[in-house]
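Trainee: Before we begin, I should like each term in our discussion to be justified against its criterion.
Mentor: Then let us look at the model and proceed term by term.

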Amino acid sequence: MTALTMRKMDAAEWQGVRVVNYAITRGMAENAHPWVKDFEVKAIRGEACFRRAMKLKAAGYTPDVIVAHHGWGESLFLKEVWPEAKLGIYCEFYYRAHGADVGFDPEFPQADPEGAACRLRLRNLNNMLHFETADGAISPTEWQAATFPEPFREKITVAHDGIDTARLAPDPGVKLRLGSGLMLTKKDEVVTFVNRNFEPYRGYHTFMRVLPEILRRRRGARVLIVGGDGVSYGAKAPDGKSWKRIFIDEVRPKIGDADWQRVHFLGRVPYADFVRLLLEAMSCGCAILGSDTGPLIEAIHHDETGRLVNFFDQGRLAEEACALLDDPDARRRLGENARRFARETYDLNRVCLPKQLAWVEGLVPLSSSRAPRP
């Protein structure tokens with residue numbers, strides 16, 4: 001088995017898998033049309049992967065199956081190298097001008113919505129070209145799979161990435177020491193917000209705006225906020241600022257100094273601390289409060305595996321958060337239900353990995369006479 005990667009690695013093998021590096025050899029054109037810049041990046045990366053694959057072929061390597069996350073374009077031209085190989089792609093997202101992320105929050109309108117719709121159509125070129133060559137596809141959730149159009153949607157198998165529920169389990173004795181030296185345990189009231197980066201795209205502004213009310217009503221609660229100051233998928237903050245600072249500045253006048261001492265921005269933390277913070281919340285048996293939006297309702301069933309609130313109803317969000325903090329029986333019930341659902345639906349070893357392996361094996365017909373290769 002061989003893996004192609006742009007990541008520089010010292011070892012040529014990882015857990016029995018041969019690792020082959022490749023690198024891009026050119027940058028983007030300076031005067032490219034802004035609507036096609038995204039596809040140019042994918043073409044550049046696709047060519048780099050293609051050239052490395054050609055060298056592998058010349059050395060005698062011929063795979064039966066190719067599995068790729070096609071989102072950045074690396075697998076665009078691999079069928080030109082190995083036309084008989086079966087190609088399975090990881091379908092993370094199909095871009096839409098309406099009904100998904102774009103235009104969801106009216107507080108942050110597109111400067112040029114019509115032009116943005118045109119740009120998104122071209123951004124889907126990478127998806128469309130893969131539809132011509134892919135023999136199968138996999139998506140982690142039904143919602144993500146549903147963003148893709150027919151007839152390709154019929155090719156997508158839904159199988160979650162999987163959660164190690166044996167490792168990520170409730171721990172009554174869990175302790176977390178903050179940088180200030182404060183030790184938190186299960187006896188403390190803790191509200192946790194975790195994102196890769198603090199940006200409106202991920203609801204950071206909504207969370208920050210409910211903090212004054214939560215802190216006012218819950219005098220013993222500690223708020224742990226984990227994430228970075230950059231931007232992942234949303235727009236950059238204006239005037240060279242960070243979204244983190246913009247919304248701190250907005251809510252800080254409503255929060256007294258003593259209460260602000262109970263708000264802890266932890267930055268990005270090691271994985272062991274992630275687990276203590278109940279990042280994999282369903283598996284760890286945490287009571288979850290989430291937004292009533294398509295990507296979440298697949299896993300969070302209201303008042304069964306968590307509580308759901310309208311994304312824009314900040315008053316209701318504060319009310320539900322305080323209600324859960326005040327009701328240990330409800331938290332226990334929701335947490336137990338959430339863990340049961342996670343084990344039944346998302347367990348890595350018993351549910352997800354077998355389904356993923358069956359999908360890979362299904363890409364090659366049983367009647368294939370080709371001998372398996374490592």
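**Terms and their grounds**

Mentor: In this predicted model, Thr2 stands opposite Arg18 in strand 3. Strand 1 and strand 3 (residues 17-21) run parallel and are joined by four bridges.

Trainee: What makes strand 1 and strand 3 a pair?
Mentor: Pairing requires at least two bridges, and four bridges join strand 1 to strand 3; the criterion is met. Both belong to an open sheet of three strands with the order 1-3-2 and mixed pairing.

Trainee: Why are strand 1 (2-5) and strand 2 (13-14) said to stand at the edges?
Mentor: Each has a single partner strand, so one side of each is left without a neighbour in the sheet. Helix 1 (residues 37-58) lies across strand 1 and strand 3, at about 125° to strand 3.

Trainee: How do you know that strand 5 pairs with strand 4 and with strand 6?
Mentor: The threshold is again at least two bridges. Strand 4 (residues 65-68) and strand 5 share four bridges in the parallel sense, with Ile66 opposite Leu87 in strand 5. Three bridges join strand 5 to strand 6 (residues 136-139), also in parallel, and Gly88 has Gly136 in strand 6 as its bridge partner.

Trainee: Why is the pair of Tyr94 and Phe131 called stacked?
Mentor: Rings pair if their centres lie within 6.5 Å, and planes under 30 degrees apart count as stacked. By this rule there are 21 aromatic pairs. The rings of Tyr94 and Phe131 have centres 6.2 Å apart and planes at 15°, so this pair is stacked. Tyr94 lies in the loop between strand 5 (86-90) and helix 3 (113-123), and Phe131 in helix 4 (residues 125-133); the pair thus links distant parts of the chain, 37 residues apart.

Trainee: On what grounds are Tyr94 and Phe131 classed as buried?
Mentor: Buried means under 20% relative accessible area. Tyr94 has 12% relative accessibility and therefore counts as buried; Phe131, with a relative accessible area of 14%, is buried as well.

Trainee: What makes the pair of Phe198 and Phe265 edge-to-face?
Mentor: Planes over 60 degrees apart count as edge-to-face. Phe198 and Phe265 have 85° between the planes, at 5.8 Å centre to centre. Phe198 lies in the loop between strand 10 (190-197) and helix 6 (204-217) and Phe265 in strand 12 (residues 263-267), so the pair ties together parts 67 residues apart in sequence.

Trainee: Why do Phe198 and Phe265 fall into separate accessibility classes?
Mentor: Under 20% is buried, over 50% exposed, and in between is partly exposed. Phe198 is at 1% relative accessibility and so counts as buried; Phe265, at 23%, counts as partly exposed. Both are members of one aromatic cluster, which includes Phe193, Tyr204 and Trp243.

Trainee: How do you know that Arg18 is placed over the ring of Tyr61?
Mentor: The distance criterion is within 6 Å of the ring centre, with a further limit of 35 degrees from the ring normal. Arg18 lies over the face of Tyr61 at 5.3 Å from the ring centre. Lys42 likewise lies over the face of Trp72, at 5.3 Å from the ring centre.

Trainee: What makes the set around Trp82 and Ile89 a nonpolar core?
Mentor: The term denotes buried residues of the nonpolar types joined through side-chain atoms within 4.5 Å. The largest such core has 25 residues, and Trp82, Ile89, Cys91, Phe152 and Ile156 have the most contacts inside it. Its largest share, five residues, comes from helix 1.

Conventions:
Residues numbered from 1 in each chain as written. Predicted model: local features only at pLDDT ≥ 70, side-chain atom pairs only at ≥ 80, totals over all residues. Heavy atoms only, no water. Phe/Tyr/Trp six-rings, centres within 6.5 Å; stacked < 30°, edge-to-face > 60°. Helix = DSSP H or I, 4+ residues; strand = E, 2+ residues; numbered from the N terminus. Buried < 20%, exposed > 50% of the residue type's maximum accessible area, 1.4 Å probe, protein only. Contact = heavy atoms within 4.5 Å. Axes fitted to C-alpha atoms, helices over the stretch in contact; angles between N-to-C directions.
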